[in-house]
There are 2 protein chains.
Amino acid sequence: MKLSKKSEYALRALLELTTAHGTTTLQRHEIAARQHIPVEFLEQILLALKRAGLLASRRGMKGGYSLIKSPNEITLGQVIRILDGPLAPIGCVSKTAYQKCRECPYADDPQCPVQHVMGTVRDAIAGILDHYTLADFASGSRQA
Amino acid sequence: MKLSKKSEYALRALLELTTAHGTTTLQRHEIAARQHIPVEFLEQILLALKRAGLLASRRGMKGGYSLIKSPNEITLGQVIRILDGPLAPIGCVSKTAYQKCRECPYADDPQCPVQHVMGTVRDAIAGILDHYTLADFASGSRQA
DNA sequence: TTGTTCTTGATTAACTCAGTCGGCAATGGT
DNA sequence: ACCATTGCCGACTGAGTTAATCAAGAACAA
């Protein structure tokens with residue numbers, strides 16, 4: 001039930017990029033300094049976000065990173081899935097990365113009690129994270 | 001955001017112990033066989049649950065484990081906390097194991113966006129798991 | 001062409017997860 | 001008294017993950 005440092009740093013980095021959105025690009029070391037993140041570690045996070053299509057980047061002297069989409073089109077759920085994988089606590093209730101539970105007496109029976117509770121937990125988590133956009137996040141508000 | 005095998009096995013073992021509650025005691029190997037759990041691994045799980053005050057046990061020939069409390073007094077939240085630690089995705093929003101976030105630009109400012117979202121996630125998870133009892137669990141029902 | 005910045009891949013130490021093993025302690029059966 | 005059975009406890013292991021760090025290369029601007 002834990003969020004990795006990677007995801008936490010990603011969210012904090014995107015916070016900076018959201019406020020800079022439309023105005024400037026930001027460089028690794030700027031983001032790292034403002035959010036107290038090790039630069040080289042931040043680097044591979046930004047790269048992952050870039051490969052996932054959230055960021056654009058430029059090399060060289062006036063280089064840096066910037067958001068490629070509008071902050072209200074990106075949800076925290078998307079971001080966390082990129083870095084930490086599925087939100088579901090257990091594979092057999094994941095919607096984005098379902099995995100049949102092998103070696104379980106209930107197999108993939110939908111009556112399985114574990115599957116039932118964890119399904120509601122997954123829905124609760126995804127319900128929040130998939131409706132919470134970067135725009136909400138940066139402004140500190142909550143949205144249904 | 002993942003549930004450990006340990007917790008999953010614990011829940012499945014308690015499922016067996018709940019149905020046996022009041023009737024019989026169950027031995028490691030019985031639970032292990034019915035739920036397809038490696039016996040030696042199950043052992044240390046049952047021990048942890050015992051130390052936490054959920055189970056009683058007897059050694060020797062007619063030994064075994066049994067629930068020490070009523071199934072509707074034990075919640076899944078309690079069980080998971082015993083084996084996996086706090087439910088909160090991040091230390092600074094945990095209610096049972098709060099930890100001030102060091103090296104974060106917002107420190108322990110309650111305005112911290114990360115703290116805000118993750119707080120609602122924590123509440124959602126705990127809201128489900130701390131109200132879901134073993135009795136509910138074994139009968140497959142949900143309860144507010 | 002030079003210095004800046006992003007890009008890629010490898011490498012690392014520490015830690016956690018999932019499971020195993022061996023020996024000890026208590027209990028019941030004979 | 002002895003022995004099989006069962007739980008109790010601690011140590012250990014191999015695989016994988018986390019959180020970084022490092023070195024070399026490619027694009028870009030001045």
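This report walks through a predicted model of two protein chains with DNA, from the fold of chain A to the pairing of the chains and the surface by the DNA.

**The fold of chain A**

Let's start with the secondary structure: chain A has six helices and two strands, and along the sequence they run α-α-α-β-β-α-α-α. The C-alpha atoms fit in a box of roughly 60 × 30 × 25 Å along the principal axes. Of the 144 residues in this chain, 40% are buried. As for contacts between residues at least 6 apart in sequence, 57% of those in chain A link residues at least 24 apart.

**How H1 and H3 meet**

Two packed helices are described by the angle between their axes and the distance between the axes. For helix H1 (residues 5-20) of chain A and H3(A), the axes come within 10 Å and cross at roughly 75°. An angle of 65 to 115 degrees counts as roughly perpendicular, and H1(A) and H3(A) are therefore roughly perpendicular to each other. On the H1(A) side you'll find Lys6(A), Tyr9(A), Ala10(A) and Ala13(A), and they meet Leu42(A), Ile45(A), Leu46(A) and Leu49(A) of H3(A). The residues of this contact split into seven nonpolar, no polar and one charged.

**Helix H4 and its neighbours**

Next up is helix H4 (residues 76-84) of chain A, where Leu76(A), Val79(A), Ile80(A), Arg81(A) and Leu83(A) are buried. These buried residues pack against H1, H3, H5 and H6 of chain A, and also against helix H5 (113-129) of chain B. Right after H4(A) comes Gly85(A), with a positive phi near 80°.

**Chain A against chain B**

Now for the pairing: 35 residues of chain A touch 35 residues of chain B. On the chain A side, H1, H2, H4, H5 and H6 each give two or more residues, with H5(A) supplying the largest share, eleven residues.

How are the two chains related? A rotation of 180° with 0.0 Å of shift along its axis lays chain A over chain B, with an RMSD of 0.1 Å. The two copies are thus related as by a two-fold rotation axis. Both copies use the same surface, as 100% of the contact residues of chain A recur in chain B. Met1(A) is the residue of chain A closest to that axis, its C-alpha lying 1.9 Å away.

For a close-up, take Leu11(B), which sits in helix H1 of chain B. Why does Leu11(B) count as buried? Because it has 22 C-beta neighbours inside 10 Å, and the cut-off for buried is 20 or more. Leaving out residues up to four places away in sequence, Leu11(B) touches Val114(A), Leu76(B) and Val79(B). Leu11(B) and Leu76(B) are 65 residues apart along the chain, yet their C-alpha atoms are separated by 7.5 Å.

**The surface near DNA strand C**

There are 25 residues around DNA strand C, and those that come nearest are Gln27(A), Ser4(B), Lys5(B), Pro38(B) and Gly60(B). Helix H3 (39-51) and strand E2 (64-67) of chain A each supply at least two residues here, as do H1 and H3 of chain B. H3(A) gives the most, with four residues.

Here is how the residues of two surfaces divide by type.

| Surface | Nonpolar | Polar | Charged |
|---|---|---|---|
| Near DNA strand C | six residues | nine residues | ten residues |
| Side of chain A that touches chain B | 22 residues | six residues | seven residues |

Technical notes. Residues are numbered from 1 along each chain as its sequence is written. Chains are lettered from A and ligands numbered from 1 in the order in which they are written. This is a predicted model: local features need pLDDT of at least 70, side-chain atom pairs count only at pLDDT 80 or more; totals for chains, interfaces and linings use all residues. A residue is near a molecule or strand if its C-beta atom, placed from the backbone, lies within 6 Å of it. Ala, Val, Leu, Ile, Met, Phe, Trp, Tyr, Cys and Pro count as nonpolar, Asp, Glu, Lys and Arg as charged, and the others, Gly among them, as polar. Axes are lines fitted to C-alpha atoms, for helices over the stretch in contact, and angles run from 0 to 180 degrees between N-to-C directions. Angles under 35 degrees count as roughly parallel, over 145 as roughly antiparallel, 65 to 115 as roughly perpendicular and the rest as oblique. Two residues are in contact if their C-beta atoms, placed from the backbone, lie within 7 Å. A residue is buried if 20 or more other C-beta atoms lie within 10 Å of its own, exposed if 12 or fewer, and partly exposed in between; C-beta atoms are placed from the backbone. Copies are superposed by least squares on the C-alpha atoms of residues with pLDDT of at least 70 in both.
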